[in-house]
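User: I'd like to learn how to read a few features off a structure. Could you walk me through this one?

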Amino acid sequence: MVWGTAGRAVAGGQGRPVGQGAVEQGAVEQGAVEQGSVEQGSVDAEVARIQRELIALRRDLHRNPEMPGQEQRTAGVVARELRAAGLTVATGVGGGHGVVGILHGARRGRTVAYRADMDAVPPKDIVGGGPAAAHVCGHDIHTTVALGVARVLARLRRQLSGTVVFLFQPAEETLSGARALIDAGVLERTGVTEIHALHCGPFPVGTFAVTPGYGLPGQDRAEVTLPGPGAPDAAQRLAAEIGALATVAPPQTPADIERLLADALTPDGPLARFVAVRARAQEAGVSVSYRCWPQERYGEVRADIRRLAMSWAGAGVRFPAEPFPAMVCPERDARTLAHHLRRTVGRDAVTELHAAFPPFSGEDFALYLDRVPGTFTFLGVRAPHAPITAGYPHYPDFAPDERAVGVGVRAMAGWIAERTHRARDLPGGSGH
């Protein structure tokens, strides 16, 4: 199946418009939602029934990591599983390996998207380097959870309101996959009103961390050129000066990671505002990559880089592109999700971040949230007594506790069903 130019996903002679759920939702947005909804007890029972199958699926994906933009096998597995569950499926979305699955509930309601990233971490982006691409960012778990949500809600479609759009995205690690799907028109063609995602995090397995008003930083780059035979020495000194703009340094030990996490959990703590800088001396200049929070600080940091560079005679400064945007989670949406999670998995299983975390990573989920509201939540994958690096993405010993898969499916299936059922303007709706 391919993503058609008329916005239809066509399979086996079926040609229902992918965006039909958007038409169906109009009356619901104006008034009350129909009675009846998916019960959490039914979700839990379905998850228990398929949990072993999901673990086996995750292990298969884990054994077969694929580089960003090369997710052919993974996309094939995803499409097969979605079709088996009875969803309408489009493949090759965005000119690559994007997969879109559409699930129509039996009741009228809203159209809500759920996104999962499929690519593995390239060797150069694994802490300390690695011999090959590996699933050390948890995308195999993200994909498995999304497939689990699709299977559960498909089994319960008679109670499901509205439409769920599952976006399986390639190339998150290169920050290019979301743009490709957006440019292909997936949000407009399906009529998505909001979007949600989970990401593995170094929190105890079975818990969640919500991010009201925070998320992950964006990124900006600068290139500084220095003239003359003294350029290499000048570049070394200028790189040190620009690097000194940083207020937070990459962790060197597990204790450093623990400290960063504690700071992120502290209201108005050290990570409420930060700059993380990587400045590399070149033969005749300095290459700079930096992240900051809040994103309004990009102009301030650019001015600092210019000031430092121009103190060297003949220096030139170039910013190749506009900064990649920060991912900022709408505060009210995140708090509504936190309320749902406390009812679903327990009050003590939900914590709240008070900073963008981790400060050295970005997420192209930001591009979706720039267009529609939604949530991005951390799923705890750290096993009891495991080192924090076992749950901290991109570390070579990243080893998530597989029990997180079932927890994630339970929570997200219930949440998505609630969002398709509930109008945003009703009391308790998320608003935006």
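User: Let's start with a helix. Which residues of H10 are buried?

Analyst: One thing to keep in mind as we go: this is a predicted model. For burial, the cut-off is under 20% relative accessible area. In H10 the residues that pass are Tyr-298, Val-301, Arg-302, Ile-305, Leu-308 and Ala-309. Looking down the helix axis, you'd find these buried residues within an arc of 130 degrees, so they line one face of H10.

User: What span does H10 reach from its first C-alpha to its last?

Analyst: H10 covers residues 298-310, 13 residues, and reaches 18 Å, close to the 18 Å expected at 1.5 Å a residue.

User: Now backbone oddities. What should I compare against?

Analyst: Most peptide bonds are trans, and most residues other than glycine have a negative phi. Here, a cis peptide bond joins Trp-293 and Pro-294, with omega about -5 degrees. Pro-294 sits in the loop between S10 and H10. Another cis bond joins Phe-357 and Pro-358, where omega is about -10 degrees. Look for Pro-358 in the loop between strand S13 (350-352) and helix H12 (365-369).

User: And which residues have a positive phi without being glycine?

Analyst: Leu-175 is one of them, with phi near 55 degrees. Leu-175 belongs to the loop between strand S4 (161-169) and helix H6 (177-183). His-394 is another, at about 80 degrees, in the loop between strand S14 (374-382) and helix H13 (403-421).

User: Is His-394 buried or exposed?

Analyst: Apply that cut-off of under 20% again. His-394 has a relative accessible area of 18%, so it counts as buried. His-394 also turns up in the largest pocket, among the residues nearest its centre.

User: Tell me about that pocket. How much space lies in it, and which residues lie nearest its centre?

Analyst: The largest pocket holds about 1,400 Å³ of space. Its lining has 41 residues, with Asp-125, Arg-278, Arg-291, Phe-360 and His-394 nearest the centre. Sorted by class, the lining has 21 nonpolar, 11 polar and 9 charged residues.

User: Which strand gives the largest share of the lining?

Analyst: S10 does, with 5 residues. Strand S9 (274-282) and strand S10 (285-293) each supply at least two.

User: Where does the largest pocket lie relative to the domains?

Analyst: A useful trick is to check which domains give lining residues. Domain 1 (40-215 + 326-420) and domain 2 (220-318) both do, so the largest pocket lies between them.

Conventions:
Residues numbered from 1 in each chain as written. Predicted model: local features only at pLDDT ≥ 70, side-chain atom pairs only at ≥ 80, totals over all residues. Heavy atoms only, no water. 1 Å grid on protein atoms, 1.4 Å probe; cavity = no way out; pocket = protein on both sides within 12 Å on 5 of 7 lines; lining within 4 Å. Points joined across faces, edges and corners; volume = space filled by probe spheres on them. Helix = DSSP H or I, 4+ residues; strand = E, 2+ residues; numbered from the N terminus. Nonpolar A, V, L, I, M, F, W, Y, C, P; charged D, E, K, R; others polar. Domains from an automatic or database assignment. Expected span 1.5 Å × (residues − 1). Buried < 20%, exposed > 50% of the residue type's maximum accessible area, 1.4 Å probe, protein only. Arc of directions from axis to C-beta.
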